[in-house]
Amino acid sequence: MTATQTPAQSTFESLDPRTGEVVGTHPDHTAADVGAAVARAADAAQWWADQGFDGRHRLLGEWRRALVRGLDDLAGVVAAETGKPLDDARLELVLAVDHLDWAAKHAAKVLGTRSVPSGLLMANQAATLTYAPLGVVGVIGPWNYPVFTPMGSIAYALAAGNAVIFKPSELTPGVGVALADSFAEIVAGRPVFQVVTGHAETGVALCRAGVAKIAFTGSTATGKRVMATCAETLTPVLIECGGKDPLIVDVDADLDAAADAAVWGGMSNAGQTCVGVERVYVVDTVADAFTAKVVAKARALEPGREFGPMTMESQAAVVQGQIDDALAKGARALVGGAGSADRRLVEPVVLTDVPEDSTAVTEETFGPLLVVNRVPDVDEAVRRANATGYGLGATVFSKARGTEIAARLRCGMVSVNSVISFAGIPALPFGGVGDSGFGRIHGEDGLREFTRPQAVARQRFALPIAITSFTRPAAVMKVLVGLMRVLHGR
Ligand code: NAD
């Protein structure tokens, strides 16, 4: 269900990046519209919470089946609004559906009321812990994976018992509306999951609308603005921002697999992936063989077939700027180079010997550009991998010490001997550190992110002497301190 349109509502169009054709026209929802949507959601949130884990599991299961039935149609909207190949859109939907299933199935076990030990001092108490829903949660999403990314918040927030108001990117509003419409067919007449469409102002309004939490996914610059706006009302935030993810190739790596992972991780979705591979650090002794394989694979790619145009037209200039900066500082172009990004359908670019102070190394690229730099050893690879303000994901190719290298990386997620696999494992939390944000979607942490822990201590029987009372005799403290000395003082 979309927020109601007022008579004089202004609208905006979403366009197909491949053709420039209009895909859809959507209301530019105002602060009043957003406020009305939040007000409608309050009752629905209570109704949804009252369904309990079993009721929500059943309804989310019905929604999951409806999404699978409508997979091709929804993938069509994703492809039209982002410009990505239809199969890439399908892949994103398959992964999102798997997450929805996991969240609905595991919510009761992760969040349901459970007893915890009450400890020696409070042995007369029964202690229980419940993770209760927050109420109405606002989700602000990006355009690059317009289903998979916001569903990491939407599915987990719904499974935890919250109502959701989703503000999709202004580039992919039709995807958001299609998602909410499919949910409304399952949960008719209850605005448990609503969409508000619009630009930054609509997102600002959602931050100020009194929701219980904002789950934001987008650029680091916008994440800071979202946090500042939410600070006005002390609205908690979950911030999923950009990355500059490294891939490390060790001396014993399977070089074919590593090269394949580097090229797919760096160039699928035209490089517009928050956890895409942007920097490769390859150990010197295998660098020539590895780089030759990367070059062959990147040259074989056909822009327009394996990946689409830049979804955001202005992004091509950003990519070109990074290429020019790197070349000016002494980098060598192995595939593509100057002029590769002077159009919306950017060509694959592989640069090597790129100075570490080039913007191609220091800033998020979000284009099909791979930096491949050789390093003397894994220690140096780890040092450079960590030498960035971002800390989202990473990839390691190493037969003998993959997990050991992974443990030394300052980031939220690592794939060893494959690429971006962590995103497809629903039980694994997803999120970053530093400029990549904080908080987690997916997994048990992702469910708890949309709840408030409530601790209850219920007295089972009264002790002969109450510790928490003004009637406590002075001698009791002596006994207690003596007990602590025996238990914890040695
Ligand atoms: P963006 O920051 O431009 O916009 C994200 C969303 O925020 C949009 O819906 C936009 O309308 C809204 N918005 C803009 N200004 C706002 C404001 N002041 N207050 C509230 N909302 C506002 O990002 P984008 O270009 O849509 O997405 C690309 C970025 O997202 C990249 O940096 C990418 O790395 C990141 N991303 C991160 C993840 C992750 O999980 N960490 C996943 C996907 C994308």
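Here are a few notes on the ligand and its surroundings in this predicted model.

1. Start with where the ligand sits. Domain 1 (11-241) and domain 2 (246-425) both contribute residues to the shell around the ligand, so the ligand lies between the two domains. The space it takes up is the largest pocket.

2. Next, who is around it? The ligand has 29 residues around it, and the ones that come nearest are Lys167, Glu170, Thr222, Cys241 and Glu364. By type, the shell breaks down into 13 nonpolar, 11 polar and five charged residues.

3. Two of those nearest residues are worth a look for their side chains. Lysine 167 puts a polar side-chain atom 2.6 Å from an oxygen atom of the ligand, and glutamate 170 likewise has a polar side-chain atom 2.6 Å from a ligand oxygen. Glycine 141 uses its backbone instead: a polar backbone atom there is 2.8 Å from an oxygen atom of the ligand.

4. How much of the ligand does the protein bury? On its own the ligand would expose 860 Å², and the protein buries 92% of that.

5. If you'd like to trace the shell by secondary structure, try helix 7 (200-207), strand 8 (213-217) and helix 8 (220-231). Each of these three elements supplies at least two residues of the shell around the ligand.

Terms used. Residues numbered from 1 in each chain as written. Predicted model: local features only at pLDDT ≥ 70, side-chain atom pairs only at ≥ 80, totals over all residues. Heavy atoms only, no water. Near = heavy atom within 4 Å. Polar contact = N/O pair within 3.5 Å; in protein donor to acceptor, adjacent residues only side chain to side chain. Areas by Shrake-Rupley, 256 points an atom, 1.4 Å probe, with all protein chains shown as cover. 1 Å grid on protein atoms, 1.4 Å probe; cavity = no way out; pocket = protein on both sides within 12 Å on 5 of 7 lines; lining within 4 Å. Sits in = over half its atoms within 2 Å of the grid points. Helix = DSSP H or I, 4+ residues; strand = E, 2+ residues; numbered from the N terminus. Nonpolar A, V, L, I, M, F, W, Y, C, P; charged D, E, K, R; others polar. Domains from an automatic or database assignment.
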